[in-house]
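Trainee: Hi! Could you walk me through this one? I'm new to it.
Mentor: Happy to. Let's have a look together.
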Amino acid sequence: MPDFTMEVYFHCQSAEDWETEIPSSKGDKTYRVWVGRAHWPGAAQYEFQCECKSFQYRHTCKHIEVAKKVGYCGWQQFVHGEEIVRDKQHIARCPRCNEIAIAMRYAV
Ligand SMILES: [Zn+2]
Ligand SMILES: [Zn+2]
């Protein structure tokens, strides 16, 4: 028997799959900002990503900072607490934005 237990925690679908468009500071174009699987060293499993040049070099940029403030939920039970809500079909929903909540197993 392993000496740890598995606990199930939920997170909002937006924590692993989300996208928006952010206007450039000049307002002459828009950049796609999204949350998805990250592939660079030191990244978490899911990270904010942007298609701009600055992001290519630094893995962060001002568009991402803006995107985080415009209706991004990103709720994770493990981090933020709170319980999921169940809708009429008994589907797990995010308590903050009502998106689908996804179950993940963690060893504790
Ligand atoms: Zn950017
Ligand atoms: Zn949410």
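Trainee: Let me start with Cys 52: does this residue count as buried or exposed?
Mentor: Keep in mind that this is a predicted model. In it, Cys 52 counts as buried because its relative accessibility is 4%, and the cut-off for buried is under 20%.
Trainee: And what does Cys 52 help to coordinate?
Mentor: The zinc ion (ligand 1), through its SG atom. The other donors there are Cys 50 (SG), Cys 61 (SG) and His 63 (ND1), and the distances run from 2.0 to 2.3 Å. Cys 61 is buried too, with a relative accessible area of 4%.
Trainee: What geometry does the site of the zinc ion (ligand 1) have?
Mentor: Tetrahedral, with angles of 108 to 111 degrees among the 4 donor atoms. For four tetrahedral donors the ideal angle is 109.5 degrees.
Trainee: How are the donor residues of the zinc ion (ligand 1) spaced in sequence?
Mentor: The pattern is C-x1-C-x8-C-x1-H.
Trainee: New topic. Which residue stands opposite Cys 50 in E4?
Mentor: That's Val 33. Strand E3 (residues 30-37) and E4 pair in the antiparallel sense, over 5 bridges.
Trainee: What is the order of the strands in the open sheet?
Mentor: E2-E3-E4, so to speak from one side to the other, with antiparallel pairing among the 3 strands. Strand E2 (18-23) and E4 are the edges: each has a single partner strand, so one side of each has no neighbour in the sheet. On average, neighbouring strands here are turned by 20 degrees against each other, ignoring direction.
Trainee: Where does Gln 49 lie?
Mentor: In strand E4, which covers residues 46-50. Gln 49 counts as buried because its relative accessibility is 10%.
Trainee: What lies 3.2 Å from a polar atom of its side chain?
Mentor: The backbone oxygen of Gly 36. Gln 49 also touches several other residues, including Arg 32, Trp 34, Trp 40 and Phe 55.
Trainee: Back to metals. Which residues coordinate the zinc ion (ligand 2)?
Mentor: Cys 12, Cys 73, Cys 94 and Cys 97, each through SG, at 2.2 to 2.3 Å. The site is tetrahedral, with angles of 99 to 117 degrees among its 4 donor atoms. Along the chain, these donors follow the spacing C-x60-C-x20-C-x2-C.
Trainee: Where are Cys 73 and Cys 94?
Mentor: Cys 73 is in the loop between helix H2 (62-67) and helix H3 (77-80), while Cys 94 is in the loop between strand E6 (92-93) and strand E7 (101-107). They are 21 residues apart, and the pair links distant parts of the chain. Cys 94 is buried, with a relative accessible area of 1%.

Conventions. Residues numbered from 1 in each chain as written. Chains lettered and ligands numbered in written order. Predicted model: local features only at pLDDT ≥ 70, side-chain atom pairs only at ≥ 80, totals over all residues. Heavy atoms only, no water. Helix = DSSP H or I, 4+ residues; strand = E, 2+ residues; numbered from the N terminus. Buried < 20%, exposed > 50% of the residue type's maximum accessible area, 1.4 Å probe, protein only. Polar contact = N/O pair within 3.5 Å; in protein donor to acceptor, adjacent residues only side chain to side chain. Contact = heavy atoms within 4.5 Å. Donors = N, O, S within 2.8 Å, 3.2 Å for Na, K, Ca; no water. Tetrahedral: all angles 85-135°; square planar, octahedral: opposite > 155°, others 65-115°. Pairing = 2+ DSSP bridges. Axes fitted to C-alpha atoms, helices over the stretch in contact; angles between N-to-C directions. Lists of a residue's contacts leave out its neighbours within four places in sequence.
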